Amino acid sequence: MAKVKTTFFCQSCGNQFAKWQGQCTACKAWNTIVEEVIQKPEKSDWKSPTSTVKRASVPLRINEIDTSKEARLDTFDAEFNRVLGGGIVPGSLTLLGGEPGIGKSTLLLQISLKLPYKTLYVSGEESQKQIKMRAERINPNNNNCYILTETKTQNIFKQIEALEPDIVIIDSIQTLHSDYIESSSGSISQIKECTTELIKFAKETATPVLLIGHITKDGHIAGPKILEHMVDTVLQFEGDRNHVFRILRANKNRFGSTNELGIYEMQGSGLREVSNPSEILISKKDEELSGNAIAATLEGMRPLMIEVQALVSTAVYGTPQRSATGFNAKRLNMLLAVLEKRAGFRLGAKDVFLNITGGITVDDPAIDLAVVASILSSNEDEALQKDFCFAAEVGLSGEIRPVQRVEQRILEAEKLGFSTIFVSKYNKISLKNTQIKIQLISKIEDVVDILL
Ligand code: TYD
Ligand code: MG
């Protein structure tokens, strides 16, 4: 009998060990090393006629290389195209990660239902009936979308050979299983083997493959980081499950920028593309409320107007509470200290709560000034004019610092009908003929003077 080959893998980082040990020496995680049975495939499974003929590569001058064949496939989803950098590149592997229930399956099913190409949607998680029920909510008539429920890669490739789809979607990589490796689905060696087989298939047939990947509690794609190294593009689908917005961003993209961002809204009939997010994020209230301020932020390359709400109240207990949702709590403390020191506000005995509406998290420093303005407004219980908006960073000495791409922010604010935008005096602005008033400020004291 042939000797069974086993090896030990860290389930957290994918590192390989010859024997078991309690702690992974690579990522320092405890109790993550698991024995997996491996059996190296004698010959690779995915064989197309071209792959048997070994083509030796010759060096070419860079401007002799023909790129005309690299036309991208349009996904008919403006947000998805934008994040990918203009569509799906033939032969590419795209990994879509996200928390359970965020809408990964919905997004890819929706895209495959819109495509005019022959798409094969392979699901190892749901039955064909369940997928059909979901598809009926989204778009019932499409004759080009095929659903396969299968987890064994060898069987999947058999079906692919018979069907010859233009795009293959796998939901999810963690459920796949290859006969060449004996360990269970979802283990490091299985994921590695299945992905390798899919990469080989994609590159040899120029068929794009979209993979869904689960993520772990701490936000990494479950299983190995290696998976992220192997694929061409890693997309992350995120958002608060209790809120309607979903944000799609590229963490890695071999064929485009990672600055782009796609925004969707989850509705009863699937995901809707949100082409003008600012209009939804800002509540259009008639009355002016204290503690609200609008920030002109950038998410990736997209300008986004965001509403910041602050509530300042007298502290009931000795130690005042400071809490922030969607904003870094340490940064909030810093801004409060700056307000106290530079603008003479006694916030030490006050509770301060901060909330970014819409359930989104912002780490653009340009939101600082809006945070300060909302705190001042709530503290004085005086509403800011509702057509004011802010885009500047606040420094430790109370100086108002410039932010990147300020002109883009100003134009977005103007488009949405704001009358005044507060920016740093040190920003270079060469815009002419703007309807919006650009209020230049240099110190936090100026803000206090103008607003209150
Ligand atoms: P799903 O795509 O199954 O998430 P994932 O594959 O990332 O685990 O989506 C799940 C959620 O989306 C589910 O809780 C229900 C909701 N949903 C809608 O609100 N409307 C719809 O039309 C669909 C299909 C799902
Ligand atoms: Mg799913």
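No disulfides are present in the structure, which is a predicted model. The cysteines Cys10, Cys13 and Cys27 illustrate this absence, because the sulfur of Cys13 finds its closest cysteine sulfur in Cys10 at 3.7 Å, a distance too far for a bond, when a disulfide requires the two sulfur atoms to lie within 2.5 Å. Cys27 likewise takes part in no disulfide, the nearest cysteine sulfur, that of Cys13, being 3.8 Å away. Cys13 is partly exposed, with a relative accessible area of 23%, and Cys27, at 30% relative accessibility, also counts as partly exposed.

At the level of the whole chain, the protein contains twelve helices and 21 strands, and its C-alpha atoms fill a box of roughly 85 × 55 × 50 Å when taken along the principal axes. The chain has 452 residues, of which 48% are buried. Among the contacts with a separation of 6 or more, 66% are between residues that stand 24 or more positions apart. The protein chain exposes about 22,300 Å², and carbon and sulfur atoms supply 50% of that area.

Attention then turns to ligand 1. Around ligand 1 there are 15 residues, and those that come nearest are Gly101, Ser105, Thr106, Gln267 and Gly270. For three of these residues an atom pair can be described in detail: a polar side-chain atom of Thr106 lies 2.6 Å from an oxygen atom of ligand 1, a backbone N or O atom of Gln267 lies 2.7 Å from a nitrogen atom of the ligand, and a polar backbone atom of Gly270 is 2.6 Å from an oxygen atom of the ligand. On its own, ligand 1 has 560 Å² of accessible area, and the protein covers 74% of this. Two or more residues of the shell are given by each of the elements α3 (104–114), α4 (128–138) and β11 (261–267), and the largest share, three residues, comes from α3. By character, the shell around ligand 1 divides into three nonpolar, eight polar and four charged residues.

A further position considered is Ser189, which is found in helix α6, spanning residues 188–205. With a relative accessible area of 5%, Ser189 is buried, because a residue counts as buried when this value is under 20%. When neighbours within four places in sequence are left aside, Ser189 is in contact with Phe9, Glu36, Ile38, Ile181 and Ser183. Ser178, eleven residues away from Ser189 in sequence, lies 9.8 Å from Ser189 in space, C-alpha to C-alpha.

Several features of the backbone geometry were also noted. A cis peptide bond, with omega of about -5 degrees, joins Asp171 and Ser172, and Ser172 is found in the loop between β7 (167–171) and α6. Phe76, a residue other than glycine, has a positive phi near 60 degrees; Phe76 is found in the loop between α1 (49–52) and α2 (78–84), where Phe76 is partly exposed, with a relative accessible area of 43%. Arg405 is not a glycine either, and its phi is positive at about 50 degrees. The place of Arg405 is in the loop between β19 (400–401) and α11 (406–415), and at 38% relative accessibility Arg405 counts as partly exposed.

Methods:
Residues numbered from 1 in each chain as written. Chains lettered and ligands numbered in written order. Predicted model: local features only at pLDDT ≥ 70, side-chain atom pairs only at ≥ 80, totals over all residues. Heavy atoms only, no water. Helix = DSSP H or I, 4+ residues; strand = E, 2+ residues; numbered from the N terminus. Buried < 20%, exposed > 50% of the residue type's maximum accessible area, 1.4 Å probe, protein only. Contact = heavy atoms within 4.5 Å. Near = heavy atom within 4 Å. Polar contact = N/O pair within 3.5 Å; in protein donor to acceptor, adjacent residues only side chain to side chain. Areas by Shrake-Rupley, 256 points an atom, 1.4 Å probe, with all protein chains shown as cover. Nonpolar A, V, L, I, M, F, W, Y, C, P; charged D, E, K, R; others polar.
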